[in-house]
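Work through these short exercises with pencil in hand. Try each task before you read its solution.

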Amino acid sequence: MSEPVMRRTQFGLPVESFRAPTFRFHSPLAKALSLFSVLSVVAVAAVPITASALAADASSSSIESPKAVSSLLLDVVHAGKRLVAAGDRGHILYSDDDGKSWSQAKVPTRQMLTSVYFIDDKKGWAVGHDAQILASEDGGATWTLQFEDLQREAPLLDVWFKDANTGFAVGAYGALLTTADGGKHWDDVSDRLDNEDQYHLNAITAVKDSGLFVVGEMGSMFRSADWGETWERIQGPYEGSLFGVLGAADSGVVIAYGLRGHLFRSADFGTTWETIPLKTTGGELEFGLSGGALLPNGSLVVVGHGGSVLKSNDSGRSFSVVNRADRMSLAGVIADDKGNLILVGQGGVRVASPTGAELGQL
């Protein structure tokens, strides 16, 4: 039986047609699993709504389970000294002992959550399916639903906040949402981007002393030198999908990564790019790369399929590569106070050495 796929009308909105299965997505774990629900009609663009208009009942709340820590998790971040991870079935977990033990947060959704972001030890946001945006005021222990758009039937994939008021979320079909009041109201500003084909936007990040940077499907890249007011589409180095982007500790340095181990570095906010080779004992790395982080000491870490962990101590000019023995796909990474890596993805949470290997190994 054929499955519904998307084609686009002259107005840019997708409509259903039926033919042999075709997928526009080329995504690793962190994105592919979050995009299955996109194969449906996006009938109407999102409209701003207020947080007070949303009220979740018990039947829509995430189910508490001791197995949540070993379930699929797609992102992990710091909320002060606390670690907060988010993923499948609305699971959000937090740890106050560097990942040794985890507690499950009170979350008003069972949708998959794809990204989480905190501006300090208390205030944070998470995004996911149904274009949902959640907010926390207590370091991730409890959450409220700020925004959702069921008519999109498509996920948001990343979120970034400049401060307690100003934030952005990006997602499928070129979605770009923004708030100026901490999420009480969200506005769809997708038309700020030169993205007529509505390529999926997979990641957004801040680049030191430069502005904001967004990457997505088909190698699409956008930058904003005025922190989100206006955007410029730029010519990237690659026509395949990009799943993540990081700003380095140095001014203007951007790291973008995606399919089949492709990783690129720019030292001038995306004007020019160089390909960074990723060598393993078996040759070139060919696993998709799906998540990453700038660590407090200035190191960069990128993770992906096959248990791949890449680390750079020279602002992204070169990366060491470790392929973990369990080969579990990884979607997110952060470091604890000792420099050990907290890895999340398939199979939940793992604590690894600073290189990504098992603890006690180099």
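The exercises below concern a predicted model.

**Exercise 1. Strand 26 and its cover**

Task: Find how many residues of strand 26 (residues 300-304) are buried, and sort them by the way they point.

Solution:
- Step 1. Take the cut-off: buried means under 20% relative accessible area.
- Step 2. Count. In strand 26, 5 of its 5 residues are buried, so the strand is mostly covered.
- Step 3. Recall the rule. Side chains in a regular strand alternate between the two faces of the sheet.
- Step 4. Sort. Leu300, Val302 and Gly304 point one way. Val301 and Val303 point the other way.

**Exercise 2. The partners of strand 26**

Task: Which residues stand opposite Val302?

Solution:
- Step 1. Start with strand 25 (residues 289-294). It pairs with strand 26 in the antiparallel sense, over 5 bridges. Here Gly292 stands opposite Val302.
- Step 2. Turn to strand 27 (residues 308-312). Strand 26 and strand 27 run antiparallel and are joined by 4 bridges. Here Leu310 stands opposite Val302.
- Step 3. Check the turns. Strands 25 and 26 form a hairpin with 5 residues between them. Gly298 in that turn has a positive phi of about 95 degrees. Strands 26 and 27 also form a hairpin, with 3 residues between them. In this turn Gly306 has a positive phi of about 65 degrees.

**Exercise 3. An open sheet**

Task: Which strands stand at the edges of the sheet 19-20-21-22, and why is one side of each left without a neighbour?

Solution:
- Step 1. Read the order. The 4 strands form an open sheet, 19-20-21-22, with antiparallel pairing.
- Step 2. Find the edges. They are strand 19 (242-247) and strand 22 (274-275). Each has a single partner strand, so one side of each has no neighbour in the sheet.
- Step 3. Look at one pair. Strand 20 (residues 254-258) and strand 21 (residues 263-266) share 4 bridges and are antiparallel. Ile255 has Arg265 in strand 21 as its bridge partner.

**Exercise 4. Positive phi outside glycine**

Task: Where do Glu153 and Trp227 lie, and are they buried or partly exposed?

Solution:
- Step 1. Take Glu153. Its phi is near 50 degrees, a positive value in a residue other than glycine. Glu153 lies in the loop between strand 10 (144-147) and strand 11 (156-161). Its relative accessibility is 33%, so it counts as partly exposed.
- Step 2. Take Trp227. Its phi is near 60 degrees, again positive in a residue other than glycine. Trp227 sits in the loop between strand 17 (221-224) and strand 18 (232-234). With a relative accessible area of 28%, Trp227 is partly exposed.

Conventions
Residues numbered from 1 in each chain as written. Predicted model: local features only at pLDDT ≥ 70, side-chain atom pairs only at ≥ 80, totals over all residues. Heavy atoms only, no water. Helix = DSSP H or I, 4+ residues; strand = E, 2+ residues; numbered from the N terminus. Buried < 20%, exposed > 50% of the residue type's maximum accessible area, 1.4 Å probe, protein only. Pairing = 2+ DSSP bridges.
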